[in-house]
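Trainee: Got a minute to go through a model with me? I'd like to talk it over piece by piece.

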Amino acid sequence: MNLQNRILYQSTNQKLTEVEHLDPVTFREALFNGISPDGGLYMPTFVPQMSKGFLEQNAKCKMQNAKNYSEVALEILSLFLESEIEEPILEQIVKDAYNFPVPLEQLDDSTFILRLDQGPTASFKDFAARFMAKAMNHLKPAGKEITILVATSGDTGSAVGEAFRGLDGFRVFIIYPENEVSPTQKHQLDSIGENVQAVAIDCKFDDCQNLVKLAFEDDDIRHLNLTSANSINIGRLLPQIAYYFYAWSKLETDSDSLIFSVPSGNFGNSLGGELAKRMGLPIKKLIIAVNENDEFPHFLTSGEYKKVAPSRNCLSNAMNVGNPSNLARYFDLYGGTITRDGPIHRQPNLDEMKSFLNSYSISDVDTVSTIKSIFDKYNVVVEPHGAVGLAALEKYRNDTNDHSIAICLETAHPAKFPETVEEVLQIKIDPHKSLASIAYRAGHYHKIDNNYESFKTYLLEKS
C-alpha cells in the first residue's frame with residue numbers, strides 16, 4: 001500500500017497545549033501500549049471508507065450473496081490493518097475468532113434485535129476480546145511476557161479471560177467490583193484459572209478502571225509490560241465496527257435511514273457505530289442507551305459534563321459506569337477534548353453531536369417493565385442490558401414519531417441474569433451452552449483493598 005495513506009494512531013490528548021507532542025504510532029504499538037504515554041486514548045489518524053462495492057451489493061438486498069460474519073469483519077479490519085497484519089493471517093484470525101452465530105431477530109416490521117450473546121462467554125465482549133487475543137498473540141515479540149490489566153463490571157473480564165486463557169507469554173489480571181456483578185458473572189470471572197487471575201475489590205467499577213489507568217502511569221511497574229484489554233485499548237474498539245455493517249447487510253429491506261439503539265456503559269460499543277457511520281454505513285441515528293448513570297444524556301441536554309460519582313448500582317450492572325472512558329474518543333471525533341477525570345478542556349461541536357446522537361437514561365423500573373412487555377408481546381426474552389436499549393428506542397420513537405427501521409443490540413444472554421429475568425417473567429431460563437460448560441468449574445479469587453498501593457503491591461508480588 002501507499003505508506004502516505006497508512007493509518008496510524010494518535011492520542012486524544014494531543015490537542016492539549018500543555019501536553020508534550022507525541023508522534024502517531026502503529027497499531028502494534030497502540031495495541032501493546034494500551035493507552036498513550038500522555039494519558040490519552042488512541043484514535044486512528046483518519047477513518048477509512050468502506051468500498052462502494054460492499055455497500056451497493058447489500059443495498060440491492062442480494063441476500064443469496066450476503067457475506068458471513070467473518071467475511072464482513074475481514075473487510076472492515078483489513079482497511080485499518082492492511083499494513084500491519086498480512087491478509088491471509090488476518091483472515092485466519094477472524095475465522096477463528098468468529099466461529100459462532102450472530103442472529104438478527106425480527107420483532108415487528110421496523111424493529112430488530114441483533115443477538116451478540118452467542119459467543120463463548122454469552123456476551124458481546126467476545127467479539128472484541130477474541131480478536132484482540134489472537135491479534136496480540138500474532139504480533140507479540142517472541143519471548144516477551146505481557147501483563148494484561150482489565151477492569152470489568154461483569155462481562156468484559158470473562159470474555160477477555162477466556163480469550164487469553166492458556167496463551168503463552170500473557171498474564172491476565174481481572175479487577176472487578178465484588179458486590180456489583182451477578183452470581184453467574186462472578187463464577188465466570190473466578191473460575192477461568194491458568195494464567196488468568198480474578199481480583200475482587202469492594203468498590204465501584206469506576207474505581208477499578210481508575211486503578212488500571214494509574215498503573216499505566218507508574219514507572220515502577222513499567223517492566224511488567226502492561227497493556228489493557230478494556231475498551232480503552234484500540235484493539236478492543238476496531239472489531240466492534242463490524243457487527244454494525246453485518247446487521248445492515250442482513251436486513252431483507254433496503255434502508256438508508258437506519259437507527260441503532262446501543263446499551264452503553266463505557267461507550268466502546270456505541271463508538272463502533274459512530275465509526276461505522278463515518279466509514280459510510282447509512283445510519284440515521286445512534287441512540288446511546290444508559291441506565292441510571294445519566295451523565296451523557298445530561299451533557300447532550302445541557303452542554304455541561306458532570307460524572308456520576310459514585311456510580312449508581314442498577315440491574316444492568318455492566319453499564320454501571322459514571323465516567324465513561326470512551327467519551328474521550330467521542331469528544332475527539334467532534335472536535336473536543338475531555339481528560340480522564342472528566343474536566344472538559346475543549347467543547348466538542350454539540351450541535352453536530354446532537355444531530356446524530358440521542359441518549360436516554362432508563363430506570364430499573366422501566367428496565368423490568370420492558371423485559372415483561374417484550375416477552376408478553378413477542379414471546380422473546382431479553383435481559384436487563386438489552387431491555388435498556390429497547391426502552392431507549394421506545395422513548396426516542398415517542399419523542400420524535402420516527403419509526404424508521406431500528407436495530408437494538410442485545411449484549412448478553414438472559415441466562416447470565418437468571419435472578420432478574422426469571423423473577424420478572426416467572427419462567428425458567430434455558431442455560432446457554434457456554435455457561436453450562438463452566439458451571440462445575442472451581443472458582444478462586446483474590447481480594448485486595450481499594451487503594452492504588454495495595455493494587456501495585458499485589459501486581460508486583462504476583463508477577
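Mentor: What follows is a chat about strands, salt bridges, empty spaces and two loop residues.

Trainee: Before we start, what kind of model is it, and what are the ground rules?

Mentor: This is a predicted model, where local features need pLDDT of at least 70, side-chain atom pairs count only at pLDDT 80 or more, and totals for chains, interfaces and linings use all residues. Residues are numbered from 1 along each chain as its sequence is written, and side-chain values use heavy atoms, with hydrogens and water left out.

Trainee: Okay, strands. Is β4 buried or exposed?

Mentor: Buried: five of the five residues of β4 (residues 111-115) are, so the strand is largely enclosed by the rest of the structure. Buried here means under 20% relative accessible area, exposed means over 50%, and partly exposed is in between, with a 1.4 Å probe and protein chains only. Strands are DSSP runs of E, at least two residues, and helices are runs of H or I, at least four, numbered from the N terminus.

Trainee: Which way do the residues of β4 point?

Mentor: T111, I113 and R115 point one way, F112 and L114 the other, and all are buried. In a regular strand the side chains alternate between the two faces of the sheet.

Trainee: And which way does β3 run against β4, parallel or antiparallel?

Mentor: Antiparallel, with four bridges joining β3 (residues 104-108) to β4. Strands count as paired if DSSP finds at least two bridges between them. The two form a hairpin with two residues between them, and D108 in β3 stands opposite T111 in β4.

Trainee: What about β14, how many bridges join it to β4?

Mentor: Five, and β14 (residues 406-410) runs parallel to β4. One pair to look up is L114, whose bridge partner in β14 is L409.

Trainee: Switching topic: how many salt bridges does a search of the whole structure find?

Mentor: It finds 21. The rule is a side-chain nitrogen of Lys or Arg within 4 Å of a carboxyl oxygen of Asp or Glu.

Trainee: Which residue forms a salt bridge with D190?

Mentor: K186, with the closest N and O atoms 3.0 Å apart. Both sit in helix α7 (residues 183-190), four residues apart, about one turn of the helix. D190 is buried, at 10% relative accessible area.

Trainee: What does D366 pair with?

Mentor: The side chain of D366 meets that of K395 in a salt bridge (4.0 Å, N to O). That pair links distant parts of the chain, 29 residues apart: D366 is in helix α15 (residues 364-378) and K395 in helix α16 (residues 384-400). D366 is partly exposed at 30%, and K395 is partly exposed at 31%.

Trainee: Which residues are joined into one network?

Mentor: E105, R115, D117 and E410, through salt bridges that share partners.

Trainee: Now the empty spaces. What is the volume of the largest pocket?

Mentor: About 400 Å³. Of its 17 lining residues, the closest to the centre are F32, N33, F216, R222 and L226. The elements giving two or more residues to that lining are α1 (27-33) and α8 (205-216).

Trainee: How do you tell a pocket from a cavity?

Mentor: On a 1 Å grid over the protein atoms alone, a cavity is a set of points where a 1.4 Å probe fits but cannot get out, while a pocket is an open set with protein on both sides within 12 Å along at least five of seven lines; lining residues have an atom within 4 Å of a point. Grid points are joined across faces, edges and corners, and a volume is the space filled by probe spheres set on the points.

Trainee: How many cavities of 30 Å³ or more are there?

Mentor: Two, and the largest has a volume of about 240 Å³. Of the 24 residues lining that largest cavity, F124, K125, G265, N266 and A318 are the closest to its centre. The largest share of the lining, three residues, comes from α11.

Trainee: Last one, those loop residues. Where is N320?

Mentor: N320 is in the loop between α12 (295-302) and α13 (327-333), and it is buried with a relative accessible area of 0%. Not counting residues up to four places away in sequence, N320 touches E180, F205, N291, N293, S311, R312, N313 and C314, where contact means heavy atoms within 4.5 Å.

Trainee: And S325, buried or exposed?

Mentor: Buried, at 8% relative accessibility. S325 also lies in the loop between α12 and α13. Leaving aside neighbours within four places in sequence, S325 is in contact with L41, Q209, K213, I232 and N266.
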